[in-house]
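Subject: Handing over the structure

Dear colleague,

Here is the structure I said I would pass on to you. Please open it first, and then read the notes that follow.

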Amino acid sequence: MSPSRSKSATPTGANSATSTTGTATTSAGRQPGRVAFVGAGPGDAGLMTVRAVEYLAAADVVVIDQLSREDVVARYCRDDVEVVDAGHGDHGQPLTHAMRAKLVVKAAKATKGGLVVRLMDGDPGFFNGLAEEALALRKAGLGFDVVPGVSAVSAVPTYAGVPLTSSTSQAVHVVAANDRKVDWTASVSDHVTVVLLGAPDDLGDSLAKLLEAGRSADTPVALTERGTTIRQSTRTTTLGEVAAVMKDVEFPALAVVGATVALRDQLSWFESKPLFGWNILVPRTKEQSGTTIARLASYGATAEVVPTISVEPPRTPQQMERAVKGLVTGRYEWVGFTSVNAVKAVREKFAEFGLDARAFAGLKIAAVGGVTAGALREWGLEPDLVPTGEQSALGLLEAWPPFDEVLDPINRVFLPRADIATDTLVAGLQNMGWEVDDVTAYRTVRAAPPAAPVREAIKGGQFDAVVFTSSSTVRNLVGIAGKPHPSTVIACIGPATAKTAEEHGLRVDVLAPEASSNALVDALADYGLGLAAAAAEAGEPVLRPSAKRAASRRRAK
């Protein structure tokens with residue numbers, strides 16, 4: 001590990017030459033690392049604060065807590081960050097606060113001049129051992145910062161549709177379930193909401209003691225596992241019946257006891273999302289899937305991306321080089337981008353030639369859709385033309401103005417595209433009077449097969465749905481991973497893609513009303529709502545497609 005690193009995103013004070021303990025100023029190379037206690041939130045990475053994300057981006061070492069935080073580290077940290085597990089020891093036993101404190105001190109001393117982020121579940125100040133670990137740092141003469149986080153105490157009940165207070169319940173008692181010195185008689189009033197955090201065994205014991213102390217057996221109880229994540233599960237019962245439910249509760253879990261639990265039937269907003277808990281297969285590259293993944297998440301689903309193509313430079317770069325030089329010398333009136341990959345290819349060629357976005361001055365720029373337009377805006381370019389209807393080559397052609405000898409000084413268009421692009425756009429532009437330089441900016445080749453567990457999941461029906469955004473994604477996914485299981489919901493972006501799917505023996509369940517990734521996800525969400533409505537009408541539980549198959553398999557046995 002390098003003793004001193006340049007970090008443009010380092011938060012103020014993260015690598016200060018003098019610690020808050022007042023120790024003497026030393027050179028950065030000899031100074032122990034500084035520690036930041038950062039709240040990771042209750043589970044949903046989107047609940048992390050801006051400040052927390054800044055610290056993670058600057059971290060040299062991340063010391064994680066009891067919950068698995070690999071997704072947070074992968075999302076916000078550098079690739080070379082060192083990860084230290086402070087949740088469990090070598091034999092899987094939970095570490096004590098004292099053991100964790102020793103790990104943090106050791107990491108700070110070993111990270112000369114760097115930054116150690118102590119990533120704590122929820123909020124550092126709530127049942128997380130901040131006091132013990134911070135005092136250990138103080139004793140060792142090491143400085144620290146604290147970044148508060150969203151606590152599970154409020155976030156998990158909110159995500160479960162259970163407000164902690166109401167007009168008739170104004171008091172909230174928060175209790176660590178492993179606290180053996182609690183006076184439970186203080187929480188027996190019907191006007192008190194009790195929030196319990198801890199391991200399932202401790203939760204069960206505490207709920208039993210609350211009942212023994214005199215809280216009514218009819219008091220509603222909500223038990224939420226894996227709160228704020230797409231795997232969240234909430235069950236409601238009563239204090240008198242909760243013991244039977246506790247037998248299969250898993251960590252992390254939280255219990256809410258009180259009258260406000262009854263409001264869940266009306267206020268549940270998270271677990272009632274159309275695709276809640278669905279695991280969706282997205283056969284595209286990660287760079288192309290950002291919009292789709294975000295929209296799926298807004299409906300409560302998670303997505304797993306399986307690249308079906310690999311993008312490579314053209315075999316002969318001369319054609320692309322001539323076109324870029326022509327762009328600079330005024331050869332073109334328009335530049336048309338039909339994909340994010342085309343934007344990336346031109347941008348890379350610009351960097352190779354020492355050019356920047358200013359070279360587009362005086363040119364008109366067209367983008368096939370919103371995602372491509374977004375890639376252009378990231379480059380500092382605002383497209384002049386984006387189709388408002390179908391976001392495809394045909395939609396772009398319908399929006400493109402014909403060549404006008406009076407208004408257009410130049411009649412030539414530069415189209416940087418894939419080697420397998422169709423001729424629809426080129427032929428249409430030529431019919432409108434434009435001269436087109438159709439240039440191969442990149443090649444698309446079939447990607448390597450995914451890992452064996454992913455292939456087995458695809459063929460075994462472990463995915464609830466797959467979204468196909470082009471015919472090539474259908475062909476390539478089947479080619480590298482096999483056909484999705486018949487129980488998997490098949491969603492296609494348009495008729496051509498649906499036809500290809502059917503040709504490969506797939507049953508198409510969802511067809512987007514327009515050729516856009518957002519419309520495709522929205523159509524899948526509508527399908528999910530239909531499944532939920534049908535289950536409710538039949539008096540059956542709402543199950544995901546993969547869960548239905550698992551249930552059917554168990555019944556068959």
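In the protein, 66% of the contacts (heavy atoms within 4.5 Å) between residues at least 6 apart in sequence join residues at least 24 apart. Please keep in mind that this is a predicted model, in which local features need pLDDT of at least 70 and side-chain atom pairs count only at pLDDT 80 or more, while totals for chains, interfaces and linings use all residues. Residues are numbered from 1 along each chain as its sequence is written, and side-chain values use heavy atoms, with hydrogens and water left out.

The protein has 19 helices and 20 strands, which are DSSP runs numbered from the N terminus (helices: H or I, at least four residues; strands: E, at least two). Of its 557 residues, 47% are buried, where buried means under 20% relative accessible area and exposed over 50%, with partly exposed in between (1.4 Å probe, protein chains only).

One helix to look at is α17, residues 495-503, whose buried residues are Thr 497, Ala 498, Thr 500 and Ala 501. Seen down the axis of α17, these residues fall within an arc of 160° (taken from the directions from the helix axis to the C-beta atoms), so they line one face of the helix. They pack against β18 (465-468), α16 (471-481), β19 (489-492) and β20 (510-511), whereas Pro 495, Ala 496, Lys 499 and Glu 503 are exposed on the other side of α17. Just after this helix, Gly 505 takes a positive phi of about 85°.

Best wishes
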